[in-house]
Amino acid sequence: MSFIPGQPVTAVVQRIEIQKLRQGDNLILGFSIGGGIDQDPGQNPFSEDKTDKGIYVTRITPRGPADVAGLRMGDKIMQVNGWDMTMVTHDKARKRLTKKNEDVVRLLVTRKSLEEAVRHSMGSQPRQ
């Protein structure tokens, strides 16, 4: 997915709700992120567009909260609890995800398979 910073983005998104797992004082999400506007986008293995500074899921803990909720490696996080994540630093993204007073994290993510499914379905419809 390619976009111009500061311009509206059109993306096929999926809503994912992750119930954090409480372990003592810690709330566990069960995934790691990479990317951000302060990171080198050329190092992102999940982005086809090597100028994309988005936040991507880089690791999922098997059977952890994110895995159970349906999050996948390579998902691009577009929103966290209503907050835009398309132009944030890595640290800002991490802080939005790990707020101590939030037991649930609601994400909007996009993934290549979602875009391909929509493109395929649109291509298979008869034209008028």
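## Exercises around strand S6

Val80 has Trp83 in S7 as its bridge partner. The exercises below start from that pair and work outwards.

The model is predicted, so local features need pLDDT of at least 70 and side-chain atom pairs count only at pLDDT 80 or more, while totals for chains, interfaces and linings use all residues. Residues are numbered from 1 along each chain as its sequence is written, and side-chain values use heavy atoms, with hydrogens and water left out.

### Exercise: the chain as a whole

Task: Describe the make-up of the protein chain, from its helices and strands to its exposed area.

Solution:
- Start with the elements: the chain has 3 helices and 8 strands. Helices (H or I, at least four residues) and strands (E, at least two) are DSSP runs, numbered from the N terminus.
- Then read along the sequence, where the pattern is β-β-β-β-β-α-β-β-α-β-α.
- Turn to burial: 37% of the 128 residues are buried. Buried means under 20% relative accessible area, exposed over 50%, and partly exposed in between (1.4 Å probe, protein chains only).
- Look at contacts (heavy atoms within 4.5 Å): among those with a separation of 6 or more, 67% are between residues 24 or more positions apart.
- Finish with the surface: about 8200 Å² is exposed, and carbon and sulfur atoms supply 50% of that area. The areas come from the Shrake-Rupley method with a 1.4 Å probe; for residues, only the protein chains shown count as cover.

### Exercise: the partners of S6

Task: Which strands does S6 pair with, and in which sense?

Solution:
- Locate S6 at residues 76-80; 4 of its 5 residues are buried.
- Apply the pairing rule: two strands pair if DSSP finds at least two bridges between them.
- Take S5 (residues 55-60), which is antiparallel to S6 over 2 bridges. Here Tyr56 faces Lys76 of S6.
- Move to S8 (residues 104-110), which is joined to S6 by 4 bridges and runs antiparallel to it. Thr110 of S8 stands opposite Lys76.
- Add S7 (residues 83-84), antiparallel to S6 with 2 bridges. These two strands form a hairpin with 2 residues between them, and Asn81 in the turn has a positive phi of about 50 degrees.

### Exercise: charged pairs

Task: Find the salt-bridge partners of Lys76, Arg111 and Lys95, and state where each pair sits.

Solution:
- Recall the idea: side chains of opposite charge can pair when their charged atoms come close. The cut-off used here is a side-chain nitrogen of Lys or Arg within 4 Å of a carboxyl oxygen of Asp or Glu, and the structure holds 6 such salt bridges.
- Lys76 pairs with Asp52 at 3.1 Å, N to O. That pair links distant parts of the chain: Asp52 is in the loop between strand S4 (31-35) and S5, Lys76 is in S6, and they are 24 residues apart. Asp52 is buried because its relative accessibility is 1%, and Lys76 is buried at 2%.
- Arg111 meets Asp75 at 2.7 Å, N to O. This pair, too, links distant parts of the chain: Arg111 is in the loop between S8 and helix H3 (112-123), Asp75 is in the loop between helix H1 (65-69) and S6, and 36 residues separate them. Arg111 counts as buried at 8%, and Asp75 counts as buried at 1%.
- Lys95 pairs with Asp91 at 3.1 Å, N to O. Both lie in helix H2 (residues 90-97), 4 residues apart, about one turn of the helix. Lys95 is partly exposed at 47%, as is Asp91 at 33%. Asp91, Arg94 and Lys95 are linked in a network of salt bridges.

### Exercise: the core

Task: Which residues touch the most other members of the largest nonpolar core?

Solution:
- Set the rule: a nonpolar core is a set of buried Ala, Val, Leu, Ile, Met, Phe, Trp, Tyr and Cys residues joined through side-chain atoms within 4.5 Å.
- Pick out the residues: of 19 in the largest core, Ile18, Phe31, Leu71, Ile77, Leu97 and Leu107 touch the most other members.
- Trace the sources: strand S1 (14-19), S4, S5, S6, H2 and S8 each supply at least two residues of this core.
- Zoom in on Leu97: leaving aside neighbours within four places in sequence, its contacts are Lys20, Leu29, Phe31, Ile33, Ile77, Val80, Val105 and Leu107. Val80, where we began with its partner Trp83, is one of them.

### Exercise: a loop lysine

Task: Is Lys100 buried or exposed, and which residues does Lys100 touch?

Solution:
- Place Lys100 in the loop between H2 and S8.
- Check the cover: Lys100 counts as exposed because its relative accessibility is 58%.
- List the contacts: not counting residues up to four places away in sequence, Lys100 touches Asp25, Asn26 and Leu27.
- Compare sequence and space: Lys100 and Asn26 are 74 residues apart along the chain, and their C-alpha atoms are separated by 7.9 Å.
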